[in-house]
Amino acid sequence: MALKDGRLAIVAVVDKAEGQKFSFEEVKGHIGRELALEQLPQSVTPEAFWKEFDAEWFYGQ
């Protein structure tokens, strides 16, 4: 894989996770937060946003 700066990177798949399905009701809050994050100024990182609101990730569990 070629990187933007011209260097090359080697990527290897070492594990494959089973897919998971979620209903809209399960993810609508997450979708709303992601859309809100897109509206924030670029100086605010997602990590800072989540820390500010003391949010915990549960995705993938």
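A helix, as the word is used on this tour, is a DSSP run of type H or I with at least four residues, and helices are numbered from the N terminus. Keep in mind throughout that the model on your screen is a predicted one.

**The whole chain.** Begin by selecting everything and displaying the chain as a cartoon, where the secondary structure comes to two helices and zero strands. If you then switch on the surface, you will be looking at about 6300 Å² of accessible area, of which 57% belongs to carbon and sulfur atoms. Of the 61 residues in the chain, buried ones make up 5%.

**The segment before helix 1.** Next, select L3, which has its place in the segment before helix 1, the helix that spans 24–39. L3 counts as partly exposed because its relative accessible area is 32%, a value that falls between the limits of 20% and 50%. Add M1 and V11 to the selection, and you will have a nonpolar patch on the surface, in which M1, L3 and V11 together offer about 310 Å² of accessible area.

**The salt bridges.** How many salt bridges does the structure hold? There are two, and you can visit them one after the other. For one of them, select R7 and D5 and show their side chains, whose closest N and O atoms are 2.7 Å apart; R7 itself is exposed, with a relative accessible area of 53%.

For the other, move to helix 1 and select E25 and K28, which lie three residues apart in that helix, or about one turn. Their side chains meet in a salt bridge with an N to O distance of 3.1 Å. Here E25 is exposed, at a relative accessible area of 55%, whereas K28 is partly exposed, at 41%.

Conventions:
Residues numbered from 1 in each chain as written. Predicted model: local features only at pLDDT ≥ 70, side-chain atom pairs only at ≥ 80, totals over all residues. Heavy atoms only, no water. Patch = residues over 30% accessible without salt bridge, like charges linked within 9 Å, V, L, I, M, F, W, Y side chains within 5 Å. Areas by Shrake-Rupley, 256 points an atom, 1.4 Å probe, with all protein chains shown as cover. Salt bridge = Lys/Arg side-chain N within 4 Å of Asp/Glu carboxyl O. Buried < 20%, exposed > 50% of the residue type's maximum accessible area, 1.4 Å probe, protein only.
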